[in-house]
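User: Could you walk me through this model? I'd like to start with one residue and then zoom out.

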Amino acid sequence: MSDDDLTRAYVTRAIEYYGQNGLDATVEFYKSAEGVQDRRTLILLDEAESTLLIYRNIPALEGQYVGPGSSFAAFARLITDATEEGLWIMTQGVNPVTKQEEPRRVLAVLHDGLVFSTSHSALVEDVADSVKAYVNKAISKYEDDGLDAVISHYNGEDSLDGQFYLFLIGADDYYLAHPIFPHLIGSDIKDVVGSDGQELGREIAQATEDGVWVEYLWPHPLSRKEQQKVTWAIRHDGLIFASGYYAGEPETGPPAWRDADPREYTVQYVNQAVERYESEGLESLLNYYNSVASFEGEWYLFATDDEDTYHIHPLLPRLIGTDIKDVKGSDGYELGEELAKATEEGVWGNTCGLTR
């Protein structure tokens with residue numbers, strides 16, 4: 001059985017126990033060690049009262065109000081969103097065995113006015129150990145050879161080990177190394193937001209000397225298509241060393257842009273953005289194309305509104321909110337003025353670089 005199957009089976013058994021023995025007996029049983037199975041413990045909530053009935057990790061919280069408006073947002077979400085079929089969510093939680101915070105996959109089922117919930121680790125244990133070993137190897141290189149050597153090595157694609165690569169963050173939270181997206185170097189990781197709006201950079205920046213696991217959507221280094229990524233980030237000597245693994249297998253073959261005709265692929269890339277706007281709306285367009293996920297090799301999108309104001313520019317986000325007509329090439333060419341003349345048929349522009 002998969003982890004998801006085991007989690008659902010545990011919740012189903014808890015609901016059956018409740019049906020046979022009643023609420024008081026269920027609370028007593030699942031508060032005890034007997035109620036723990038396969039590292040799963042029951043969270044039980046009263047939907048109407050928004051109170052926590054069972055929580056073995058912190059028994060002192062039992063009996064408290066944990067609904068909307070409380071300081072317990074995770075429990076409040078279970079109460080408001082749980083369904084009879086079962087709600088699956090990803091969250092940060094405490095492993096009941098290791099007591100460390102990690103990504104957890106949670107199931108919440110609404111039954112008879114109660115929310116029955118449990119979770120399991122989203123980490124693939126053997127792969128997670130390999131990620132930590134890869135990061136520890138980078139830390140050892142830092143200790144032996146110094147910061148410059150680490151930056152030089154891990155900014156090169158020779159440092160990649162399958163799906164593993166290192167990204168290095170300075171004490172000021174600015175990128176020092178990233179072999180997949182070098183345009184991030186020199187930028188603040190706290191400004192990195194996923195295509196789904198997750199403030200993943202801020203979560204990674206919270207890394208401590210004990211390390212943290214963070215899960216988010218991110219392009220796979222082989223396919224460059226977004227997948228769920230689970231990252232281990234640890235702060236050492238003020239720096240953040242981080243790497244991660246991807247759930248599932250990437251698409252086979254090289255990215256479409258790698259062998260494409262540049263001019264043809266440019267048109268295709270822009271047309272894909274137009275299609276996303278028409279099918280999913282403006283918010284989806286802004287979230288995706290302002291994120292690192294939208295980069296495909298040298299291609300990225302910039303977009304303005306009908307008043308020529310930038311709303312999308314993932315490479316130079318400082319331009320967002322400014323007028324494209326003010327942009328000039330490094331050779332003085334009034335690039336922005338030319339691009340602002342774009343028609344429904346499209347125009348081509350050339351420049352040697354941007355200045356403002």
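What follows is a short round of questions and answers.

Analyst: Quick ground rules: this is a predicted model, where local features need pLDDT of at least 70, side-chain atom pairs count only at pLDDT 80 or more, and totals for chains, interfaces and linings use all residues. Residues are numbered from 1 along each chain as its sequence is written, and side-chain values use heavy atoms, with hydrogens and water left out.

User: Is Thr7 buried or exposed?

Analyst: Buried means under 20% relative accessible area, exposed over 50%, and partly exposed in between, with a 1.4 Å probe and protein chains only. Thr7 has 0% relative accessibility, so Thr7 counts as buried.

User: Which side chain does a polar contact of 2.5 Å join to that of Thr7?

Analyst: A polar contact is a pair of N or O atoms within 3.5 Å; within protein, one must be able to donate a hydrogen and the other to accept it, and residues adjacent in sequence count only if both atoms are side-chain atoms. At 2.5 Å, the partner of Thr7 is His120.

User: Which element gives the largest share of the largest nonpolar core?

Analyst: Such a core is a set of buried Ala, Val, Leu, Ile, Met, Phe, Trp, Tyr and Cys residues joined through side-chain atoms within 4.5 Å. This one has 44 residues, with Trp218 and Phe241 among those touching the most other members. The largest share, 7 residues, comes from helix 3.

User: What part of the 356 residues in the protein is buried?

Analyst: Going by that same accessibility cut-off, the buried residues make up 42%.

Key
Helix = DSSP H or I, 4+ residues; strand = E, 2+ residues; numbered from the N terminus.
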